Structures are given as C-alpha cells and as structure tokens.
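Please open the model in your viewer and keep the selection panel at hand. The stops below are arranged by what to select next, beginning with aromatic rings and moving on to strands, charged side chains and two loop residues.

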Amino acid sequence: MIFSLIFCFESKAQNKVILNEEFSNNDNNWTINSDPTHIFDINNHKYIIEGKEEQRAFITTISIENYSPNFIITTEFTKISGFDNNGYGIVFGSKDENNQFEFIVSGNGQFKIIEWNNGKAVELVPWSFSSSIDKWDLSKNLLSIENSDSLWKFFINNNYVARVNEKSFLGNKIGFIVNEKIKCEINFLKITSLDFIDNEVFIDANSIFKLPIFEVNFVGKHENKEILYGESAVLKLKIQNLNSFDLKDLVLNIIPVN
C-alpha cells in the first residue's frame, strides 16, 4: 500500500478592530449634556462623566455591531474624585439600563460583575477586593474583558481577576457607568473582534501555501512500504513554512492509495 500526504488547515483566527475610540471628536455620538445632577462631556481627548447625585447610576452607551461572540474590550479610567465605596466601569452587551452587563471597580479597591435582566440585578461576581486595582482619587485602572473558549475573562491592569461562563448579549450597546457622586475620565475604549474562518481547506502541501516537504522517511519492514495487518511503522516528515504569515491548526491526513 502506498501513502499520499494531504494537509488540512482549519479555523485560522484573525483579529479585527471594531472600535478604537480615543475621544478626539464625538463622531460616535456619545452623550454630551449637563444639569445639576451630572456632566457628560468630551474634552482634551477624554470622555468625562461626573455624577452629582446619590443613589443613582449615570450610564451612557453607543451601538456597536458584530463584536460578539468573540471579542476583547479594553478601556482605561482615571478616577478624579468622589465616593470610594461605589463603582465605575464598563457596560457591555446592553439593550438598555435594565438589561445589560457591568464590570465595575471602586476607589477602595474592589470590583464587581453584574447582569441586569428586566431591572433585576444578578451578581455574577460580588464585590471582591483585588490588589490589582489602583485606589483612591487620581487612580488609573485599565479594564479588559475577553470572550474566548465560551468564557468571559476579566482583567484589571492586565492582571486576571475573574471569569464567568459566556452569556448571550442582551443588546448590542457598549459604554460606561459611574455610580453616585464620582467623577471619572475615560482615556480610550477599544473593541477587537476575534473572527474565525470555519471552512476546512484541503490542499496539496506544495501548492497554494508555501509549505514544501523537505524530507519524508518511511520506516517499515518492507521495501514497497506496505504495512501488513497488525504491524506498525514510523513516518518522519520535515516541512517549513515559507509564508509571511502563520499557518495554524495544521492537520496531517494520511490517505492510502491502492
């Protein structure tokens, strides 16, 4: 029996930037207004949210298409002043203020992950202290959420702090929340989508991709490279990727040819 070699390249991941907001303008139509209870403003490449009323959440969102199911969200907050026993952070997967997810931190060094569904809050992760959080006024915190492998993974200042099982988005909005009397500046917001090519592509190893076979050695007991019933043999294969990009998820299929 003679053997032919075919390669299969599957599920190659590519990153795609969905949003890179640096607040140089308001092309994305963030809320801009003020009254005695709050301020929403863009100034000097910062988005400013200041809450001036207790027992109230100040939320602003915009609609973003196609950043689910696989994504990385990253934003950076500077807490200017205000309460340290309540939170500020990211709103994502939001339909409205009663149906959304929140990842928030507080000035005294805690974080919390919440799901709001029809106005009822479910604590996916209750208030928890983390040494990764920069505390008090003038603190700066980088918040990140990564969805991959059916898990939401949460990071503070590039340190992993929690994970929850992936949930269905309630809507396609994303934004920010500041609770009660807290003033924050948001320095940027970036969303990267992880797109996957699901089609299997079967190719000859020496054709479409530059993946030449340098050496093939078949170590068996027979000169005609047969493997008889119950026997075993060793196939040694040496290849090199000469492309300018990575080839991922390489699968080697051995197809017998009579």
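Begin by selecting Phe23, Trp30, Tyr47, Phe77, Tyr88 and Phe176, whose side chains are linked into a cluster by ring pairs; rings of Phe, Tyr and Trp (its six-membered ring) are taken to pair if their centres lie within 6.5 Å, and planes under 30 degrees apart count as stacked, over 60 as edge-to-face and the rest as tilted. Before going further, note that this is a predicted model, in which local features need pLDDT of at least 70 and side-chain atom pairs count only at pLDDT 80 or more, while totals for chains, interfaces and linings use all residues. Residues are numbered from 1 along each chain as its sequence is written, and side-chain values use heavy atoms, with hydrogens and water left out.

**The aromatic pairs**

By the ring rule, the count comes to 17 aromatic pairs. Keep Phe77 and Tyr88 selected: their rings form a tilted pair, 5.4 Å from centre to centre and with 50 degrees between the planes. Phe77 lies in strand E7 (residues 71-82) and Tyr88 in strand E8 (residues 87-96), so this pair ties together parts that are 11 residues apart in sequence. Strands here (E, at least two residues), like helices (H or I, at least four), are DSSP runs numbered from the N terminus. Both Phe77 and Tyr88 are buried, where buried means under 20% relative accessible area, exposed means over 50%, and partly exposed lies in between (1.4 Å probe, protein chains only).

Now add Phe176 to Phe77: the ring centres are 5.8 Å apart and the planes stand at 85 degrees, so the pair is edge-to-face. This pair links distant parts of the chain, with Phe77 in strand E7 and Phe176 in strand E15, 99 residues apart. Phe77 counts as buried because its relative accessibility is 0%, and Phe176 is likewise buried, with a relative accessible area of 0%.

**The open sheet**

Switch to a cartoon view and follow the six strands that form an open sheet in the order E6-E15-E8-E9-E10-E11, with antiparallel pairing; two strands pair if DSSP finds at least two bridges between them. At the edges are E6 and strand E11 (120-129), each of which pairs on one side only. From one strand to the next the twist averages 15 degrees, with axes taken as lines fitted to C-alpha atoms (for helices, over the stretch in contact) and angles running from 0 to 180 degrees between N-to-C directions.

For a closer look at one junction, select E6 together with strand E15 (residues 173-179): the two run antiparallel and are joined by seven bridges. Within this pairing, Ile62 has Ile174 in E15 as its bridge partner.

**The salt bridges**

Which charged side chains should be selected next? A search of the whole structure finds five salt bridges, each defined as a side-chain nitrogen of Lys or Arg within 4 Å of a carboxyl oxygen of Asp or Glu.

- Select Arg56 and Glu53, whose side chains meet in a salt bridge of 3.2 Å, N to O. Arg56 is partly exposed, with a relative accessible area of 34%, and Glu53 is partly exposed at 33%.
- Select Asp84 and Lys79, which meet in a salt bridge of 2.9 Å, N to O. Asp84 counts as partly exposed at 23% relative accessibility, whereas Lys79 is buried, with a relative accessible area of 0%. Adding Asp137 shows a network of salt bridges that links Lys79, Asp84 and Asp137.
- Select Lys167 and Glu115, a salt bridge in which the closest N and O atoms are 3.7 Å apart. This pair links distant parts of the chain, 52 residues apart, with Lys167 in the loop between strand E14 (159-165) and E15 and Glu115 in strand E10 (residues 110-117). Lys167 counts as partly exposed at 33% relative accessibility, while Glu115 counts as buried at 11%.

**Two loop residues with positive phi**

Select Gln55, in the loop between strand E5 (46-51) and strand E6 (57-63). Its phi is near 55 degrees, a positive value in a residue other than glycine, and Gln55 is exposed, with a relative accessible area of 76%.

Finally, move to Ser150, in the loop between strand E12 (139-148) and strand E13 (151-156). Although Ser150 is not a glycine, it has a positive phi of about 60 degrees, and Ser150 is partly exposed, with a relative accessible area of 48%.
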